[in-house]
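Open the model in your viewer and keep the sequence panel beside it. The stops below each give a selection to make and then what is found there.

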Amino acid sequence: MIFERSILSDAALTMRKQWELVLILMFLLPVIQDFFSFYVQSNFSGAATHVVWNILLYNCLHYVLNGYDHKALLQRKDRKLVRFLMINFALEIIVLGLFIAVCLAGMFDIIIQLGKTSVFGISLIVVCFLCCALLVYAVLGTWLPARVHGKKSGIGFAFGRARGQAGYIALRLVILLVPHLMLLGGFFIAYGLFLPQASLDIIDKGFGFHPDALLFNAIFFGLITFGYVIFSVVLARAYVREELKPAEGEMPLAIPYLS
């Protein structure tokens, strides 16, 4: 199947359509996180941020698959969103369980030998976790767009789609998101090298405001947001690729995005 736009072009277009939520993620969430960190001493901001990332993912999938007006999400109760959040939470638990299983199978011994505080050992942990996430979402990732689209949304159908789309998902996520993660890491390191005395805290304990930190966090969160959008476009395309190949006697799914 040939799509009219590249994945990156589609991600940029989708991100532009979600500009209100993108601005919230880039500018408002970093400020809220700092506020809760300093003055409330609570992890609530981390959980709230995670929910907002998932809402962004839901909105992007909905836009790609249904030509969805994301403003309608704020105007009515959306049960699909609740189910979507539960499904993605279940996938995250599976990723965590697989990661723990890999560690218990011998990864901890390797890390201990390399040194727990070594950069290589920490990098190994991160790579191991990302590989577990890649495996889980390559196999079950189409469960998310299926739940959003409302067709063949059971986990059994997700396993069935994995036979034809797991390689598609894994390859494109590696090609697109590995450089993206390297860009995030490079940006973070560059900030520390060129501005070693700069604070990452937007609001300090004395209610001081640091605009340079706000700019850094806005760019950093913007890059993360773009990564989420790329992820959503890849999953949506994998779902579309599989479901537009109907079995004999079945009608293909209607995807407004492609019409």
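Select residues 248–254, where pLDDT stays under 50. The model has eleven contacts beyond four places in sequence for this stretch. This is a predicted model, and colouring by pLDDT is a reasonable way to start. The mean pLDDT of the protein chain is 76, with 68% of its residues at 70 or more. By element, the lowest mean pLDDT belongs to α2, at 68, and the highest to α6, at 89. Now select residues 72–76, another stretch with pLDDT below 50. Beyond near neighbours in sequence, residues 72–76 have seven contacts in the model.

Switch to a cartoon of the whole chain. The protein chain has eight helices and zero strands, so its elements read α-α-α-α-α-α-α-α from the N terminus. Of the 259 residues, 41% are buried. Turn on contacts: among those between residues at least 6 apart in sequence, 73% join residues at least 24 apart. With a surface displayed, the accessible area comes to about 14300 Å², and carbon and sulfur atoms account for 70% of that.

Next, the interior. Select L61, L144 and I169, the residues with the most contacts inside the largest nonpolar core, a set of 64 residues. Two or more residues of this core come from each of α1 (7–17), α2 (19–40), α3 (44–66), α4, α5, α6 (143–149), α7 (155–194) and α8. The largest share, 15 residues, is given by α8. Stay on L144 and show what surrounds this residue. Leaving aside residues up to four places away in sequence, L144 touches L57, L61, F84, I87, N88, L91, Y137 and L235.

Now show the aromatic side chains. How many aromatic pairs does a search of the whole structure find? There are five. Pick F99 and F129: the ring centres are 5.4 Å apart and the planes stand at 85°, so this pair is edge-to-face. F99 sits in helix α4 (residues 79–114) and F129 in helix α5 (residues 119–140), so this pair links distant parts of the chain, 30 residues apart. Are the two rings' residues buried or exposed? F99 has 14% relative accessibility and therefore counts as buried, whereas F129, at 35%, counts as partly exposed.

Move along α5 to Y137 and select F231 with it. Their ring centres lie 5.3 Å apart with planes at 80°, so the pair is edge-to-face. Because Y137 belongs to helix α5 and F231 to helix α8 (residues 211–243), the pair ties together parts 94 residues apart in sequence. Y137 and F231 are both buried. Then add W53, F221 and Y228, which form one aromatic cluster.

The last selection is E242, in helix α8. Is E242 buried or exposed? Its relative accessibility is 18%, and the limit for buried is under 20%, so E242 counts as buried. Which side chain does E242 meet in a polar contact? The partner is Q165, at 2.9 Å. Not counting residues up to four places away in sequence, E242 touches R161, G164 and Q165.

Note on methods. Residues numbered from 1 in each chain as written. Heavy atoms only, no water. Helix = DSSP H or I, 4+ residues; strand = E, 2+ residues; numbered from the N terminus. Buried < 20%, exposed > 50% of the residue type's maximum accessible area, 1.4 Å probe, protein only. Contact = heavy atoms within 4.5 Å. Areas by Shrake-Rupley, 256 points an atom, 1.4 Å probe, with all protein chains shown as cover. Phe/Tyr/Trp six-rings, centres within 6.5 Å; stacked < 30°, edge-to-face > 60°. Polar contact = N/O pair within 3.5 Å; in protein donor to acceptor, adjacent residues only side chain to side chain. Core = buried A, V, L, I, M, F, W, Y, C linked by side-chain atoms within 4.5 Å. pLDDT = per-residue confidence, 0-100.
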